[in-house]
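Colleague: I am new to this structure and should like to understand the terms applied to it. May I ask for the reasoning behind each one?

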Amino acid sequence: FGTYYELPLLAQSVVMIATMIVLLQLCIQVKEPTQIKHSFTDFDLNYFWNWSDMSDYFIFLGLITSTLAFLTFLFVQSTLYVEFLGFSSLLMEATLGLPQFLKNLTNKSTEGMSVTMPLCWTAGDLFKTGYFLVRQAPKQFWICGFLQVGIDIAILAQVVYYRNSPLPILLTSKHSRGTQA
């Protein structure tokens, strides 16, 4: 049945999941309220993971967890399935910074990000990847670790680069510079 995760990695996962749920609840509470409420059952991809109520997130997470638990129950004897599932989860974690990198690239700005934040991400991910190497974890662990460190360094480079660049000027109709249509 695949390669067992070490107890510290399991503990880290549980703490991270709990932390993410708390942060998600905080984001929902501070988000500007809108007239239109969006829920998971709307099935509107434009508002996927941008729902108005915490219960929608729990419904989705319950469904995805139940589905994966059922599939794992069915295919527990398949080494290919178990290894694919493990690698998929590691790859998802490794690419968590990618949306931030793409947002910074699109906005040509890292406004609101300090150098400290990506430095701490990089330090933590370097430590974790080093742990994988020292403990001779299976290669998918350190491959994904190096990918995660690479994304962290790319975000750190953006923070340094955009910090010294002027903010892009976004013109709207009420802020146009003396021209009238």
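The exchange below takes the overall build, the salt bridges and one helix in turn.

Colleague: What makes up the protein chain in terms of helices and strands?

Modeller: The model is a predicted one. Its protein chain has six helices and zero strands, and along the sequence the pattern reads α-α-α-α-α-α. Of the 181 residues, 24% are buried.

Colleague: Why is the pairing of Glu93 and Lys128 called a salt bridge?

Modeller: The term requires a side-chain nitrogen of Lys or Arg within 4 Å of a carboxyl oxygen of Asp or Glu. For Glu93 and Lys128 the N to O distance is 2.6 Å, so the pair meets the definition. A search of the whole structure finds two salt bridges.

Colleague: What makes this pair a link between separate parts of the sequence?

Modeller: Glu93 belongs to helix α3 (residues 79-94) and Lys128 to helix α5 (residues 116-134), so the salt bridge ties together parts that are 35 residues apart in sequence.

Colleague: Why does Lys128 with Asp125 also count as a salt bridge?

Modeller: The closest N and O atoms of Lys128 and Asp125 are 3.8 Å apart. The cut-off is 4 Å, so this pair qualifies too. Both residues lie in helix α5, three residues apart, which is about one turn of the helix. Through shared partners, Glu93, Asp125 and Lys128 are joined into one network.

Colleague: How do you know which of Glu93, Lys128 and Asp125 are buried or partly exposed?

Modeller: Buried means under 20% relative accessible area, and partly exposed lies between that value and 50%. Lys128 has 10% relative accessibility, so Lys128 is buried. Asp125, at 11%, is therefore buried as well. Glu93 has 29% relative accessibility and so counts as partly exposed.

Colleague: How do you know that the span of α3 is close to the expected one?

Modeller: Helix α3 has 16 residues and reaches 22 Å from its first C-alpha to its last. The expected span is 1.5 Å times one less than the number of residues. For α3 this expectation is 22 Å, and the span is close to it.

Colleague: Which residues of α3 are buried, and what covers them?

Modeller: The buried residues in α3 are Tyr81, Val82, Gly86, Ser88, Leu90 and Ala94. Their cover includes α2 (54-75) and α6 (139-163).

Conventions:
Residues numbered from 1 in each chain as written. Predicted model: local features only at pLDDT ≥ 70, side-chain atom pairs only at ≥ 80, totals over all residues. Heavy atoms only, no water. Helix = DSSP H or I, 4+ residues; strand = E, 2+ residues; numbered from the N terminus. Buried < 20%, exposed > 50% of the residue type's maximum accessible area, 1.4 Å probe, protein only. Contact = heavy atoms within 4.5 Å.
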